[in-house]
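The exercises below deal with a sheet and an interface. Work through each task on the structure before reading its solution.

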There are 2 protein chains.
Amino acid sequence: MPRIRLALAQTNPVVGDLSANAQQIVHAAREAAAAGADLLATGEMALSGYPIEDLASRPSFLAACHRELRMLAKALQDAGVGDLPVIVGHPDGPFDVQSLGDGNAPNAIARNSASLVHHGHVKGTYSKHHLPNYSVFDEYRVFVPGDELLVVRVRDVDIAVLICEDLWRDSGPVAAVRAVRAGVLLTINASPFERDKNEVRLPLVTRRAVEGDTIVAYVNIVGGQDDLVFDGDSVVAGADGRVLARAPQFAEHLLVVDLDARAATDSPQENDSPGQTGVTRVEIESAEHLRPPLDQPIAEPAGDLEQVWNALVLGLRDYVRKNGFSSVVLGLSGGIDSAVCAVLAADAIGADAVHCVSMPSRYSSDHSRSDADELAERVGLHYQVQAIADLVSPIESQLSLTGIAAENLQARVRAIILMGLSKTHGHLVLTTGNKSELAVGYSTIYGDSVGGFAPIKDVPKSMVWELARWRNAEAVRRGEVAPIPENSIEKPPSAELRPDQTDQDSLPPYEVLDGILEAYVTRKLGAADVVALGYDADTVNEVTRLVDRAEWKRRQGAIGPKISGMAFGRDRRLPITYRPTKTPGTE
Amino acid sequence: MPRIRLALAQTNPVVGDLSANAQQIVHAAREAAAAGADLLATGEMALSGYPIEDLASRPSFLAACHRELRMLAKALQDAGVGDLPVIVGHPDGPFDVQSLGDGNAPNAIARNSASLVHHGHVKGTYSKHHLPNYSVFDEYRVFVPGDELLVVRVRDVDIAVLICEDLWRDSGPVAAVRAVRAGVLLTINASPFERDKNEVRLPLVTRRAVEGDTIVAYVNIVGGQDDLVFDGDSVVAGADGRVLARAPQFAEHLLVVDLDARAATDSPQENDSPGQTGVTRVEIESAEHLRPPLDQPIAEPAGDLEQVWNALVLGLRDYVRKNGFSSVVLGLSGGIDSAVCAVLAADAIGADAVHCVSMPSRYSSDHSRSDADELAERVGLHYQVQAIADLVSPIESQLSLTGIAAENLQARVRAIILMGLSKTHGHLVLTTGNKSELAVGYSTIYGDSVGGFAPIKDVPKSMVWELARWRNAEAVRRGEVAPIPENSIEKPPSAELRPDQTDQDSLPPYEVLDGILEAYVTRKLGAADVVALGYDADTVNEVTRLVDRAEWKRRQGAIGPKISGMAFGRDRRLPITYRPTKTPGTE
């Protein structure tokens with residue numbers, strides 16, 4: 001079997017910043033060439049960032065990508081690495097809509113493509129066949145499917161290229177690639193993190209390897225883009241299903257691996273009739289050269305909570321950085337949610353860039369202030385106190401607000417303080433609500449919900465506590481001070497908007513609430529089916545009613561990193577105007 | 001040629017309220033039967049409302065629709081109109097995903113269907129072949145395409161059924177229907193209003209009639225659903241392209257029309273080989289009975305501004321009504337935007353349900369107060385004044401806010417007042433920003449942007465003035481008082497957040513701004529192409545930069561009725577995190 005050295009670049013592109021993304025690829029190519037690689041592959045859309053959404057329907061954007069790809073080919077040449085073939089993920093187009101036929105949206109003018117760049121030129125292009133259009137993905141909206149294969153022969157090994165969703169479907173290019181008997185199936189991906197997703201992804205990769213009797217090389221981008229966190233975790237599996245190489249999660253990385261792959265066969269029967277699928281073939285002349293020995297350990301993914309923590313940190317860091325902020329501000333209530341957000345922010349961008357405000361009201365307990373003090377002290381956060389009583393009173397009395405209207409007022413005055421500090425100092429405002437609250441609308445819109453980014457919006461309250469305990473334990477393990485005051489973890493949760501309030505005055509206990517939400521929101525069960533799981537019917541009806549009614553608030557909420565299989569946002573699209581029927585026997 | 005009497009029911013369903021929607025259909029069937037109709041058709045998804053978005057992926061919701069359709073069949077029987085065949089639009093499913101093959105999203109379990117209900121039973125079902133997945137539509141996400149035809153023979157006329165998008169595509173069922181030589185092509189629709197859309201829709205209907213040498217009957221639902229306004233405008237065109245019947249826009253209506261249609265042919269060659277498409281055929285036995293004569297005028301659509309006004313009124317009315325509100329509250333600044341919103345609200349739900357607040361600051365001019373007074377007086381709105389100076393000062397001084405931070409503070413205190421009145425009295429808050437402001441982010445988030453519904457969010461500032469002038473002229477034409485004070489129309493627009501401010505301190509003149517926005521947002525031109533239209537390059541670069549940067553604010557904004565071909569919201573999906581590349585020569 002011939003041996004080839006493959007390099008997979010786990011880059012962190014910024015959507016739209018084509019020249020900077022191209023520079024990342026040039027940098028990876030230099031590193032790969034220095035390591036003696038025979039071929040380098042980037043992740044899906046590494047040139048443009050992913051997802052580009054409706055930018056794919058702007059001809060000028062596609063033209064810019066087209067130019068940038070050609071400039072990248074020249075730049076690789078200029079950098080002295082033009083001999084290294086590079087597979088680059090990029091949007092392709094604009095195509096003439098008329099020429100694309102009837103297969104898709106009438107205004108899709110782009111393809112989701114991977115091009116082989118070599119010796120200063122684009123030598124061949126593969127376009128994704130299967131366009132995901134579920135969950136957070138809208139690819140059928142903006143892309144036209146491809147229908148051909150690209151096979152690159154390097155050192156007598158055929159490397160067939162796929163893009164992301166193509167690997168997940170049994171029909172289509174997976175079968176066609178099997179028919180050409182490629183030695184390596186290379187799939188380039190932009191696959192966002194979800195809890196437990198690497199327990200699905202890795203078995204898929206190894207299964208495809210075994211099924212196709214081929215090596216599968218899987219390269220993923222890394223980094224935060226709005227509500228998505230791409231986790232990298234690039235991996236290579238042998239034809240026997242064994243993991244041969246694996247990159248770390250949540251970090252930029254160049255994975256280089258030596259592969260003993262099946263030699264290419266030139267038998268025309270096998271090579272030239274993969275069903276209806278046309279094949280573009282490119283043969284690379286590889287020079288013999290000394291290769292430095294490789295010593296890359298196979299990365300082991302972290303435990304569940306550590307993965308979630310790292311995803312949240314990366315999502316937050318990249319939102320801040322990629323949107324041009326250098327600092328954040330948030331309110332510290334002394335409670336667990338804001339404490340966890342503050343520590344996430346410190347881990348993401350450094351404590352010195354995190355500005356916290358305690359905003360006690362007349363109803364705030366002594367411990368809210370002291371727990372907030374304690375947190376700021378332990379973590380080294382910037383910290384100030386702005387009492388709100390004197391700001392609330394004039395409004396409350398002029399408008400004669402009482403009850404919940406008066407409670408909301410307190411939250412909204414706090415929002416004004418945070419937004420004022422944001423505008424004055426250029427901080428990004430973080431909003432600290434968790435997924436359980438967001439689900440049932442247990443927050444004040446234009447109050448505690450304000451901000452540009454919501455670090456824990458996809459974390460249920462039960463998991464907020466788990467993350468706090470994990471982070472504290474991790475600090476102790478590292479010989480550091482546990483950042484989160486134990487009292488913030490242990491005390492009963494309260495919005496403290498009236499005397500002696502606790503969340504459980506209005507909501508079922510969080511373990512019950514989170515169980516119902518998992519069934520109704522994530523598993524999409526009807527209320528009757530949720531009750532059948534053993535929950536109290538009145539509680540279920542009330543919770544589902546609250547979830548439905550809170551849609552308008554969620555729609556106006558900040559984005560935040562998706563870590564679950566069903567995040568609020570583009571993952572779950574429901575009408576605001578929705579009146580569940582009253583017919584007996586229906587849901 | 002046999003003559004049949006066709007009834008088209010332009011109903012206004014509420015998403016999810018299956019039993020109420022079914023009642024609307026029973027009501028229409030009674031009316032159609034009394035008029036001697038041979039067949040009744042509803043709009044697309046008249047049973048469930050449209051769009052149902054991800055409700056289509058909830059098995060319990062689909063099961064409820066399934067039951068409701070069968071209950072409707074019985075209810076029609078019980079109402080004594082079981083003899084009348086009724087084509088009902090509804091979601092169909094849940095289907096076993098495995099059985100649906102590889103053609104779609106892995107988790108789509110529903111079809112978008114039209115069933116023939118007759119004599120208490122469901123006799124046949126057509127499912128939409130072409131699933132729109134562009135603009136505001138996400139049907140490929142949640143539906144699986146159908147691949148068969150349904151032909152109903154009534155009084156010796158074959159009526160073939162299509163659904164909405166099917167009519168727009170040249171291939172697929174349009175061709176198959178031609179092959180079966182149906183006498184009537186019946187298409188049921190949920191087609192939202194856009195300016196000038198009936199200038200596209202009607203020619204399509206008449207073109208299909210002429211092409212297919214057949215009558216085309218087009219029935220559309222009516223009513224507001226979140227950001228969409230379905231305008232009805234059901235129409236019937238003869239094989240010669242002549243309009244035979246047309247229903248009014250923006251109103252529930254039963255359109256009944258006599259049609260002399262081609263007699264069915266039983267020639268097997270023509271009838272049984274429409275390509276690969278299977279055909280379900282149902283024959284209806286129609287009794288002879290006396291028919292009352294028909295006298296339905298062909299409705300003429302109104303002029304452009306009147307159509308827009310009516311769309312805005314209906315969108316607002318239905319949002320209020322369908323979400324269980326009975327009143328609204330908004331701030332009156334004395335400016336044109338809030339004036340137009342107040343009059344729209346009065347037209348939608350009656351002046352007595354409209355509560356307005358003037359919230360002058362120390363920078364407010366005398367005319368802002370007096371113009372607001374005058375408007376409230378002319379229209380008969382509830383009106384109160386809440387000065388904000390004493391509420392703003394304590395916050396401003398505690399936080400030492402200056403400049404734009406201090407300007408935003410005023411807008412946010414006003415927001416607190418409106419939200420407080422909303423919570424206390426149950427009013428829906430209307431936010432009065434226009435499309436031009438929304439585009440460039442010329443508003444204070446959590447300030448003047450607060451509210452559940454934004455009546456003019458898709459109306460550019462230039463058109464706000466046009467609408468105001470049109471509405472005043474319309475009042476005069478009807479012999480009523482012009483509602484909007486002329487001074488609100490004529491004076492230079494100003495946010496009045498600092499002394500002598502006008503919008504043009506920060507923005508180009510609105511006619512220039514709106515022109516650039518039309519090119520950049522609606523036509524999706526790159527900045528260089530906008531400049532090539534003749535706009536100043538610096539202005540174009542500044543405006544496009546503002547549009548890109550305001551994405552995060554728009555994402556947190558209220559929904560409002562779409563009236564253009566490119567509304568902000570689900571019509572235009574762009575990343576928040578987006579850094580246009582700095583490469584020379586690229587956009």
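**Exercise 1.** Which residue in β18(B) is the bridge partner of B:C356? Place this pair in its sheet.

*Solution.* Step 1: B:C356 has B:Y383 as its bridge partner in β18(B). The model is predicted: local features need pLDDT of at least 70, side-chain atom pairs count only at pLDDT 80 or more, and totals for chains, interfaces and linings use all residues. Residues are numbered from 1 along each chain as its sequence is written, chains are lettered from A and ligands numbered from 1 in the order in which they are written, and side-chain values use heavy atoms, with hydrogens and water left out.

Step 2: β17 (residues 354-358) and β18 of chain B are joined by four bridges in the parallel sense. Strands pair if DSSP finds at least two bridges between them; helices (H or I, at least four residues) and strands (E, at least two) are DSSP runs, numbered from the N terminus.

Step 3: The open sheet of chain B has four strands in the order β18-β17-β16-β19, with parallel pairing. β18 (382-385) and β19 (428-429) of chain B each have a single partner strand, so one side of each lacks a neighbour in the sheet.

Step 4: Helix α12 (residues 403-425) of chain B touches β16 (328-331), β17, β18 and β19 of that chain, and its direction makes about 165 degrees with that of β16(B). Contact means heavy atoms within 4.5 Å; axes are lines fitted to C-alpha atoms, for helices over the stretch in contact, and angles run from 0 to 180 degrees between N-to-C directions.

**Exercise 2.** How many residues of chain A are in contact with chain B, and what area do the two chains bury between them?

*Solution.* Step 1: 96 residues of chain A contact 96 residues of chain B.

Step 2: The chains bury about 8100 Å² between them, with 53% of it on carbon and sulfur atoms. Buried area is the accessible area (1.4 Å probe) that two parts lose on being put together, summed over both. Of the area that chain A buries against chain B, 10% comes from A:R58, A:T577 and A:R579, more than from any other three residues.

**Exercise 3.** What is the count of salt bridges between chain A and chain B, and which helix gives the most to the side of chain A that touches chain B?

*Solution.* Step 1: The count is five salt bridges (a side-chain nitrogen of Lys or Arg within 4 Å of a carboxyl oxygen of Asp or Glu). One of them joins A:D17 to B:R579, with the closest N and O atoms 3.2 Å apart.

Step 2: α12(A) gives the most to the side of chain A that touches chain B, with twelve residues.
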